[in-house]
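Me: I would like to go through this model by question and answer, starting with a single residue and ending with the ligand. Please give the reasoning before each result.

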Amino acid sequence: MAEVLALDCIVVGGGVVGLAIARELAISGREVVLLEAGDVIGGVTSSRNSEVIHAGLYYATGSLKARLCVDGNRKLYAYCRDRHIPHRNCGKLVVASDASELVYLDHLLQQAKANAVHDCRLIDRDELARLEPKIQGVAALVSPSTGIIDSHRLMEAFHADIEAHGGTVVLNAPVLAGQLVDDEVHLSIGGRDPVEVVANLVVNAAGLEAWTVSQAIDGLDAATIPERHYARGCYFSLSAPAPATRLIYPVPEKGGLGVHLTLDLGGQARFGPDVEWIDEIGYDVDPARADRFYAAIRKYWPQLPDRALQPAYAGIRPKVVGLAAGGGGDFVIQGPATTGHPGYVALYGIESPGLTASMAIGEWVAQLTREAAREAEPQSGIKLDKGSSCNCMKAEAPMFEP
Ligand SMILES: Cc1cc2nc3c(=O)[nH]c(=O)nc-3n(C[C@H](O)[C@H](O)[C@H](O)COP(=O)(O)OP(=O)(O)OC[C@H]3O[C@@H](n4cnc5c(N)ncnc54)[C@H](O)[C@@H]3O)c2cc1C
């Protein structure tokens with residue numbers, strides 16, 4: 001019979017969220033092994049996003065997205081300063097192109113305040129022109145606490161913290177199957193050195209594959225696994241100097257997503273992501289999608305030159321709510337009280353603002369597991385709905401996705 005390794009905690013998935021959870025568990029004194037299927041950390045969705053530190057303006061008040069984004073934003077800035085992780089608190093403008101869009105800005109300002117984001121303000125056309133002379137609009141909402149970050153340096157810092165606190169990150173270690181047995185979780189790990197392990201705690205942070213991992217766990221109640229949907233977002237880069245020094249978001253059109261301008265730390269502009277619902281994972285960017293980008297961008301930057309957009313890259317949002325139901329949905333973070341097993345925690349639908357929220361998610365999961373040891377869900381922070389099959393907040397869909 002093959003050797004079975006006995007471990008304390010296993011985190012499945014080495015994206016920014018799995019790393020943040022493993023870091024928090026290691027700091028809290030647990031023995032942690034993080035298993036990553038790929039040959040690098042953060043090679044999937046954590047490498048395919050906008051690298052924006054969101055402020056938490058849009059999300060339904062009280063939702064996990066709102067609470068963990070606002071908390072995560074503050075934690076992330078403090079951590080970046082402390083660990084010298086490249087980032088820039090550049091701020092963002094949500095721009096109204098005409099008078100009909102002003103009501104949205106008012107609504108967004110109220111939503112931000114309700115989410116405890118108190119630093120936003122509305123500016124008129126003149127102030128917009130002073131701040132960003134190339135951007136056209138009748139008014140804008142300024143979000144000073146929005147910024148950008150080098151997500152790879154962040155993940156490297158999390159990795160270093162895990163190891164500094166006695167944890168281990170194992171690459172090329174895909175979790176293939178598992179079983180819930182009494183108080184333990186058994187896992188079969190493939191890759192170059194297949195091994196069987198038994199652990200007190202397994203945290204499923206496998207991103208787009210979180211559903212696949214849970215479905216392969218024998219003994220887990222299938223009713224706890226939420227719906228799985230994927231929405232691809234494509235980016236186009238700008239082969240010209242950036243027209244702004246802040247991130248620029250339009251007011252979204254009805255039923256559609258605003259094509260926004262984000263910047264990297266080198267000041268290079270890119271536009272996106274758009275939204276395309278897909279059945280299979282794939283990252284090709286169709287150059288034909290540029291037509292829609294030109295039209296949308298020229299609403300707030302009329303001087304966008306012809307042929308200035310180049311297909312860049314795509315990322316895929318893991319979602320628990322599909323297009324037919326509005327495509328919104330909250331993060332789903334299931335502690336033992338919801339998975340029905342004292343040693344199994346699962347995260348689904350960790351789309352944007354997962355990067356911003358990563359440290360807050362790590363703390364939340366560590367708290368869930370501590371409370372589970374006392375047979376209760378966390379007492380502070382968000383009140384979870386224990387009666388439902390998953391810990392979805394009863395929250396309205398966000399007004400739109402950032
Ligand atoms: C287009 C787009 C733009 C975004 N922009 C932003 C933004 O600007 N700001 C922001 O805050 N958030 C943003 N996000 C969200 C953010 O990128 C994600 O929430 C975050 O990266 C999710 O991290 P993760 O660790 O959950 O998932 P991932 O990064 O996907 O990591 C999961 C890991 O699990 C591994 N894995 C899968 N199956 C197994 C298995 N069986 N065994 C072991 N390992 C396995 C994978 O290889 C992967 O490395 C964006 C997302 C998208 C798609």
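Me: Does Val251 count as buried or exposed, and at what relative accessibility?
Reply: This is a predicted model, and Val251 sits in the loop between β15 (247-250) and β16 (261-263). The cut-off for buried is under 20% relative accessible area. Because its relative accessibility is 7%, Val251 counts as buried, at 7%.

Me: What distance separates the C-alpha atoms of Val251 and Leu102?
Reply: Val251 belongs to the loop between β15 and β16. Along the chain, Val251 and Leu102 are 149 residues apart. Their C-alpha atoms are separated by 9.0 Å.

Me: Which residue forms a salt bridge with Asp161?
Reply: The closest N and O atoms of the pair are 2.7 Å apart, and the partner of Asp161 is Arg23. The pair links distant parts of the chain, 138 residues apart: Asp161 is in helix α5 (residues 151-164) and the partner in helix α1 (residues 16-27). Asp161 is buried, with a relative accessible area of 7%. At 11% relative accessibility, the partner also counts as buried, and that residue is Arg23.

Me: Which residues are linked with Arg23 and Asp161 in a network of salt bridges?
Reply: Arg23 and Asp161 form a salt bridge with each other. They also belong to a network of salt bridges, and the other residues linked in it are Glu24 and Arg83.

Me: How many residues apart in sequence are the parts that Lys75 and Glu363 tie together?
Reply: Lys75 forms a salt bridge with Glu363, the closest N and O atoms being 3.3 Å apart. Lys75 lies in helix α2 (residues 64-83) and Glu363 in helix α9 (residues 354-373), so the parts tied together are separated in sequence by 288 residues.

Me: Where does Arg289, the salt-bridge partner of Glu276, lie?
Reply: The closest N and O atoms of Glu276 and Arg289 are 3.6 Å apart, and the two form a salt bridge. Glu276 lies in strand β18 (residues 276-278), and the pair ties together parts 13 residues apart in sequence. Glu276 is partly exposed at 21% relative accessibility, and Arg289 is partly exposed with a relative accessible area of 22%. The place of Arg289 is the loop between β18 and α7 (290-297).

Me: How many salt bridges does the count come to?
Reply: Side chains of opposite charge can pair when their charged atoms come close. The cut-off applied here is a nitrogen of Lys or Arg within 4 Å of a carboxyl oxygen of Asp or Glu. By this rule the count is 15.

Me: What distance lies between a polar side-chain atom of Glu36 and an oxygen atom of the ligand?
Reply: Glu36 is among the residues that come nearest, together with Ser46, Val52, Ile350 and Thr356, out of 39 around the ligand. A backbone N or O atom of Val17 lies 3.1 Å from a ligand oxygen, and a polar side-chain atom of His54 lies 3.5 Å from a ligand nitrogen. For the polar side-chain atom of Glu36 and a ligand oxygen, the distance is 2.6 Å.

Me: Which elements give two or more residues to the shell around the ligand?
Reply: The shell divides into 19 nonpolar, 14 polar and six charged residues. At least three residues come from each of domain 1 (4-48 + 152-227 + 328-394) and domain 2 (89-145 + 229-323). The elements that give two or more residues are α1, β19 (309-319) and α9.

Key: Residues are numbered from 1 along each chain as its sequence is written. This is a predicted model: local features need pLDDT of at least 70, side-chain atom pairs count only at pLDDT 80 or more; totals for chains, interfaces and linings use all residues. Side-chain values use heavy atoms; hydrogens and water are left out. A salt bridge is a side-chain nitrogen of Lys or Arg within 4 Å of a carboxyl oxygen of Asp or Glu. Helices (H or I, at least four residues) and strands (E, at least two) are DSSP runs, numbered from the N terminus. Buried means under 20% relative accessible area, exposed over 50%, partly exposed in between (1.4 Å probe, protein chains only). A residue is near a molecule or strand if one of its heavy atoms lies within 4 Å of it. A polar contact is a pair of N or O atoms within 3.5 Å; within protein, one must be able to donate a hydrogen and the other to accept it, and residues adjacent in sequence count only if both atoms are side-chain atoms. Ala, Val, Leu, Ile, Met, Phe, Trp, Tyr, Cys and Pro count as nonpolar, Asp, Glu, Lys and Arg as charged, and the others, Gly among them, as polar. Domain bounds come from an automatic or database domain assignment.
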